[in-house]
Amino acid sequence: MTIVEYNLKIGLQKGIDNRQIGLIAEDSLQVVSLDGKSIDTYRLLSYNTKAIQELSSNQETLEQKIE
């Protein structure tokens, strides 16, 4: 998944600088909703939680090697 910066179409149509940072559904198939039009935030949160667990485990392993 790639984090991107983009402008919302509605903002561009109104001349408003409405920059956002996030995921594009079409480019983030791992966390796309069933209709393919948005991000499934529960699925994204689950991926984030798993990544944090793995990072924590790696950190603990590295700390044990230092001791």
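In these legends a residue is called buried under 20% relative accessible area, exposed over 50%, and partly exposed in between (1.4 Å probe, protein chains only). The model is predicted: local features need pLDDT of at least 70 and side-chain atom pairs count only at pLDDT 80 or more, while totals for chains, interfaces and linings use all residues. Residues are numbered from 1 along each chain as its sequence is written, and side-chain values use heavy atoms, with hydrogens and water left out.

**Figure 1. The protein chain as a whole, with two helices and two strands.**
Along the sequence, these elements follow the pattern β-α-β-α. Helices (H or I, at least four residues) and strands (E, at least two) are DSSP runs, numbered from the N terminus. The radius of gyration of the protein chain is 17 Å, well over the 11 Å given by the globule rule for 67 residues, so the chain is more spread out than a compact globule. This radius is taken over C-alpha atoms, and the globule rule is 2.2 Å times the number of residues to the power 0.38. Along the principal axes, the C-alpha atoms of the protein chain fill a box of roughly 60 × 30 × 15 Å. Of the 67 residues in the protein chain, 12% are buried. The chain exposes about 5,800 Å², and carbon and sulfur atoms supply 53% of that area; accessible areas come from the Shrake-Rupley method with a 1.4 Å probe, and for residues only the protein chains shown count as cover. Among contacts (heavy atoms within 4.5 Å) in the protein chain with a separation of 6 or more, 8% are between residues 24 or more positions apart.

**Figure 2. Close-up of the salt-bridge network of E5, D17 and R19.**
Side chains of opposite charge can pair when their charged atoms come close. A salt bridge here is a side-chain nitrogen of Lys or Arg within 4 Å of a carboxyl oxygen of Asp or Glu, and the structure holds two of them. In one, E5 pairs with R19, with the closest N and O atoms 4.0 Å apart. E5 belongs to strand 1 (residues 4-7) and R19 to strand 2, so this pair ties together parts that are 14 residues apart in sequence. In the other, D17 pairs with R19, and the closest N and O atoms are 3.4 Å apart. Salt bridges that share partners thus join E5, D17 and R19 into one network. E5 and R19 are both exposed, with R19 at 54% relative accessibility.

**Figure 3. Close-up of D17, in the loop between helix 1 (9-13) and strand 2.**
D17 has a relative accessibility of 56% and therefore counts as exposed. The C-alpha atoms of D17 and I52 are separated by 33 Å, and these residues are 35 residues apart along the chain.

**Figure 4. Close-up of D27 and S28, both in the loop between strand 2 (19-22) and helix 2 (41-66).**
Which of these neighbours is buried, and which is exposed? D27 counts as exposed because its relative accessibility is 58%, whereas S28, at 1% relative accessibility, counts as buried. Leaving aside neighbours within four places in sequence, S28 is in contact with M1, L23 and I39. D27 and I16 lie 11 residues apart in sequence, and their C-alpha atoms are 25 Å apart in space.

**Figure 5. Close-up of V31, a buried residue at 0% relative accessibility.**
V31 is found in the loop between strand 2 and helix 2. What does V31 contact, leaving aside its neighbours within four places in sequence? The list consists of M1, L23, S38, I39, D40, R43, L44 and Y47. The C-alpha atoms of V31 and Y42 are separated by 8.6 Å, with their positions 11 residues apart along the chain counted as the separation.

**Figure 6. Close-up of L44, a residue of helix 2.**
Not counting residues up to four places away in sequence, L44 touches M1, L23, V31 and I39. Where V31 and L44 meet, the C-alpha atoms of the two residues are 5.6 Å apart in space, although L44 and V31 are 13 residues apart in sequence. M1, L23 and I39 are also among the residues in contact with V31, and M1, L23 and I39 are in contact with S28 as well.
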